[in-house]
Structures are given as structure tokens and as C-alpha cells.
Amino acid sequence: MAPGSLITRPGQVQYGELLLGAGTPYRWRGITGWEDTPSVDSGTVPRSDAHGAFPGGLLAQARTIGLDGLVIRAPRASVGAVVGALNASTVLVEDELPLVMWLDDRGPLLAYARATRRAIPVTLGYRLGTITGGAIEFVATDPRRYALVEQVVAATLPTPESGLVWDADPEQALDNGQAAGIGALWRWWTDGDPVIAGDGVGTASVRPLTPGGELVWSAEASAYGWPVSVGAEAAFTSSLAAAQGATIILRWWDATGTYLADSTGAAGDSALTATAPAGAAWVQPVVLLPNTLAAPVPIGTSSLLIGRAAGSLSWPLNFGTPGSTGALSVVNAGDAATHPTVEFRGPMERPSLTNVDTGDVLEYDMPLAAEDLLAVNTAAGTVTLNGSASRLYTVTSRSVPEQTFTPPKGASQLHFRAASGDPTATATVRYRSAYW
């Protein structure tokens with residue numbers, strides 16, 4: 001059961017699977033030790049040669065929490081079962097259980113504790129179904145309280161970006177279906193009377209009913225064709241033009257959609273290459289069909305290669321697929337440092353995680369295969385491979401003791417690195433905001 005999963009409103013407490021407070025048979029009059037500062041061990045020592053003392057470190061002791069003035073109400077016939085359920089849920093146990101309290105508008109907070117004392121007065125009220133004056137004491141060896149929701153952040157190893165492309169090599173502008181002369185008919189339109197036909201999946205065809213009709217290649221993103229930069233070359237090839245003795249035209253438009261000019265090839269040529277004139281922002285390929293046809297003919301294959309003017313860039317700039325930086329941001333919204341759990345997944349060699357703000361490093365001199373998981377529990381100070389084998393001995397000289405790797409309140413920037421590794425290798429940090 002998830003910590004706090006039974007709690008629905010302020011005034012409730014959940015210990016393990018036991019719910020107390022509003023809406024339950026168990027009420028209380030007060031809670032002690034929850035909002036109090038825990039007792040501390042002080043390293044302060046008196047000065048031997050002057051007034052005062054030398055300030056030393058302060059280490060919080062275990063937190064003792066009491067539910068006082070416990071009231072149990074139940075029908076007389078079932079009061080024994082209600083008390084028995086409370087007793088069974090507060091027995092002495094070896095491992096601490098989640099203790100969640102939701103007291104006010106700040107929401108629920110979590111601690112891990114054990115019930116160490118329980119008092120259930122046996123008075124006349126016991127026989128009447130109302131027991132008053134009870135109490136439960138819990139001891140949390142970690143005195144901090146934590147946010148109920150666990151935060152998870154992850155990063156892959158740093159990878160470079162492809163960056164800007166400065167060469168003028170042309171690129172195919174047509175999609176696969178349009179280049180093959182198949183599929184949806186929106187890829188073409190006509191000026192004049194040629195008729196376009198097809199089933200939207202297979203071969204598209206055209207039939208001019210009178211001489212001089214135009215078949216125009218259509219772009220999905222713009223009514224004026226495909227973007228082009230001034231001085232760049234556009235090369236269009238069409239099997240239809242060669243088969244029908246037609247003429248290829250490259251039609252140029254400016255950025256506002258105003259017609260600029262046509263670049264026209266020779267009748268029957270299967271290709272035309274032209275340079276974008278001044279002011280050109282769009283290019284659109286056209287095939288001028290000179291003759292009528294008795295039957296439809298396939299539009300056939302085509303290609304539109306658009307380059308850039310040599311040494312120039314065309315907008316919008318394409319910087320390539322963003323690469324990973326290996327950076328993680330941990331935001332501890334509480335007022336106490338928190339102990340995260342760090343998980344390294346291979347493949348990589350010598351994984352490390354650095355807190356950029358404090359300079360603290362966790363680093364382990366070992367290889368991790370793709371299926372390996374190295375888990376670092378900074379609260380317990382353990383390092384385990386695949387859930388069982390300790391690898392604490394692989395720590396490097398740069399690494400700090402695991403229990404000191406504690407992001408303080410506020411935001412902390414962490415960097416994931418490795419001596420070598422695959423871009424799919426990851427570091428995952430799991431943590432809860434911590435409060436005193």
C-alpha cells in the first residue's frame with residue numbers, strides 16, 4: 001500500500017494500513033512532536049580562554065511523536081474488534097512503517113516510524129463503547145518529514161547536436177507518395193481543363209481535354225510551393241514531361257505570394273534546373289501539357305531538389321536534433337537537506353553524478369552492461385548492483401561518502417557523466433522534499 005493512500009482530508013493520520021482521525025472510530029485531542037524541533041546533539045564546547053563557546057555541529061536526534069487524548073468510539077458489540085484492530089496495527093515491529101499526517105492546508109507529510117508505546121485505558125466506558133484517555137507513541141529514527149509525492153528526474157549521457165548545415169547540397173522536397181506519383185490527389189492540381197484521377201492510394205493519372213493545360217505540383221504547407229532562398233538552385237524532373245513531350249516550368253513567388261517569374265525548359269525535356277531570382281521565397285513545379293489525350297496517363301515519378309546559395313543559411317534555421325546535456329535539476333521545496341536514491345543504467349564505464357552547486361560527486365569505477373542497474377541509497381549509504389551485490393568498494397577517490405550527498409533546500413543542478421558509454425545510458429534521481 002502506498003504511503004498515505006487512505007488519507008482523504010485534513011485531520012487524518014495513517015500509520016501503515018491503519019487510518020485514524022476524522023471519519024474513523026479513532027480520534028485524538030492533540031499531537032506532540034510533529035511540529036516541534038527534534039532534540040539535537042550539539043558539538044558546541046566552552047572556550048577555555050574567553051567567554052562563550054566554540055560553535056559545533058548540530059545533529060538532530062530521533063523524533064518522538066505522540067497522539068494524545070485518544071478516543072475510541074464503537075458499538076458495544078464491536079468495540080473489542082475495533083480495539084483489536086488498533087492493537088494489531090501498533091505492535092512492535094523491526095522495520096519502520098510510513099507515518100503520514102495531514103493536519104492543515106499545507107497538505108500531508110510523511111515520516112518513517114515505529115509504534116513504541118500504546119495505552120488503552122480499560123474503564124467503565126469500555127463496556128459502553130467509548131474509550132477515552134488513550135495514547136500512542138511513535139519514534140522516527142530519521143527526524144525529517146517528507147513530501148508525500150516522490151519526485152523522479154532522469155538524464156542520458158551527453159550527446160552532441162548535429163548543428164547547422166552550411167553546405168549547398170540539394171534536398172528532396174517531395175514526399176514519397178508525391179515523388180512516386182501515387183496516393184492522395186491533393187498533391188497535384190490543374191490550371192486549365194486536365195482531369196486528375198485516382199483512388200487516393202494507388203497510381204494518380206491526368207488527362208488533358210484541350211492543349212495547353214497545366215499540371216501543378218502542390219505543397220501541403222503553402223499554396224505557393226516549397227520555400228527557397230535567393231540564389232539557390234532548384235532542379236525538377238518529371239517522367240510525364242518526357243513521355244508526353246511536355247514543358248517543365250519552375251514558377252517563382254515572393255514571400256507575400258506575389259508571382260515573380262517562370263523558368264521554362266525545352267519541350268520534351270525530363271528535367272529543368274534554375275536559380276531562384278531576386279525576391280524569390282517559393283518555387284512551384286509545373287508541367288505544361290501540349291496535347292489532348294484520348295485516355296488518362298500516369299503522372300509518374302518526379303523529383304524536386306532544392307539547395308541553398310553556397311555558404312548561406314536559409315530560415316528557419318535547423319540546428320538538428322537537440323542532444324542531451326546530461327543535466328538534471330533537483331528542486332527540494334522543503335527546509336532540510338534530503339537523501340536521494342540514484343540509479344545508473346548502462347551500458348557505460350565509470351558512472352558519476354556531480355552536484356554542480358556543492359561540488360559533491362558520486363563516482364564508481366566499474367562497467368555497467370545494458371541490463372545492469374547500479375543503485376545508490378544515500379540514506380543507507382549502500383551501493384548495490386542489480387538489487388543484491390554490494391559495489392561500495394568501487395567508489396573512486398573523487399567520490400564523497402554516500403550519506404553526505406544531500407541536496408539542500410532549493411534547486412540543485414546535477415551533471416551525469418561517464419568515462420565512456422552509450423547515449424542510451426541513464427541516471428535517475430528519486431527524492432522527496434524534506435522538512436524539519
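The paragraphs below walk through the strands, aromatic pairs, open spaces and unusual backbone spots of this structure. The model is a predicted one, so please read every value with that in mind.

Let us begin near the start of the chain, with a hairpin. Strand β1 (residues 12-15) pairs with β2 in the antiparallel sense, and 4 bridges hold the pairing. Tyr15 has Leu18 of β2 opposite to it. The turn of this hairpin has 2 residues between the strands, and Gly16, which sits there, has a positive phi of about 60°. A general point helps in reading the second strand: side chains in a regular strand alternate between the two faces of the sheet. In β2 (residues 18-21), Leu18 and Leu20 point one way while Leu19 and Gly21 point the other way, and all of them are buried.

Next come two open sheets. One has 6 strands with antiparallel pairing, in the order β14-β37-β29-β33-β34-β35. Its edge strands are β14 (151-156) and β35 (389-390), each of which pairs on one side only. The partner of β14 here is β37 (residues 426-431): the two run antiparallel and are joined by 6 bridges. If you would like a spot to look at, Ala155 stands opposite Ala427 in β37.

The other open sheet has 4 strands, ordered β15-β27-β21-β24, and again the pairing is antiparallel. At its edges stand β15 (171-172) and β24 (271-275); each has a single partner strand, so one side of each is left without a neighbour in the sheet. Further in, β21 (residues 233-238) and β27 (residues 302-306) run antiparallel and are joined by 5 bridges. Ala234 has Ile306 in β27 as its bridge partner.

Now for the aromatic residues. A pair of rings is described by the distance of the centres and the angle of the planes. With rings counted as a pair if their centres lie within 6.5 Å, the structure has 6 aromatic pairs. Take Trp253 and Tyr259: their ring centres are 5.9 Å apart and their planes meet at 75°, and because an angle over 60 degrees counts as edge-to-face, that is what this pair is. Trp253 has 16% relative accessibility and therefore counts as buried, whereas Tyr259, with a relative accessible area of 42%, is partly exposed. Another pair, Phe344 and Phe416, is tilted, at 6.0 Å centre to centre and 35° between the planes. Phe344 belongs to strand β29 (residues 341-345) and Phe416 to strand β36 (residues 410-421), so this pair ties together parts that are 72 residues apart in sequence. Phe344 and Phe416 are both buried. Returning to Trp253 and Tyr259, these two join Tyr224 in one aromatic cluster.

Trp34 has a ring contact of another kind: the charged end of Arg145 sits over its ring, 5.4 Å from the centre. Both residues also appear in the lining of the largest cavity, along with Glu35, Met101, Leu103, Asp104, Arg106, Gly107 and Leu109. That lining divides into 4 nonpolar, 1 polar and 4 charged residues. The volume of this cavity is about 50 Å³, and the structure holds 1 cavity of 30 Å³ or more.

Among the pockets, the second largest has a volume of about 390 Å³. It is lined by 17 residues, and those nearest its centre are Tyr112, Tyr146, His339, Ala379 and Arg432. The lining of this pocket is made up of 6 nonpolar, 5 polar and 6 charged residues. Elsewhere in the chain, Ser433 has its place in the loop between β37 and β38 (434-435), and at 7% relative accessibility it counts as buried. Ser433 and Pro408 are 25 residues apart in sequence, yet their C-alpha atoms are 9.4 Å apart in space.

Finally, a few backbone spots deserve a look. Most residues other than glycine have a negative phi, and most peptide bonds are trans. Here the peptide bond from Gly346 to Pro347 is cis, with omega near 10°, and Pro347 is in the loop between β29 and β30 (348-355). Arg350, within strand β30, is not a glycine but has a positive phi of about 50°; its relative accessible area of 36% makes it partly exposed. Asn386 also has a positive phi, near 55°. Asn386 lies in the loop between β34 (382-385) and β35, and it is partly exposed, with a relative accessible area of 41%.

Terms used. Residues are numbered from 1 along each chain as its sequence is written. This is a predicted model: local features need pLDDT of at least 70, side-chain atom pairs count only at pLDDT 80 or more; totals for chains, interfaces and linings use all residues. Side-chain values use heavy atoms; hydrogens and water are left out. Rings of Phe, Tyr and Trp (its six-membered ring) pair if their centres lie within 6.5 Å; planes under 30 degrees apart count as stacked, over 60 as edge-to-face and the rest as tilted. Buried means under 20% relative accessible area, exposed over 50%, partly exposed in between (1.4 Å probe, protein chains only). A charge sits over a ring if NZ of Lys or CZ of Arg is within 6 Å of the ring centre and within 35 degrees of the ring normal. On a 1 Å grid over the protein atoms alone, a cavity is a set of points where a 1.4 Å probe fits but cannot get out, and a pocket is an open set with protein on both sides within 12 Å along at least five of seven lines; lining residues have an atom within 4 Å of a point. Grid points are joined across faces, edges and corners, and a volume is the space filled by probe spheres set on the points. Ala, Val, Leu, Ile, Met, Phe, Trp, Tyr, Cys and Pro count as nonpolar, Asp, Glu, Lys and Arg as charged, and the others, Gly among them, as polar. Two strands pair if DSSP finds at least two bridges between them.
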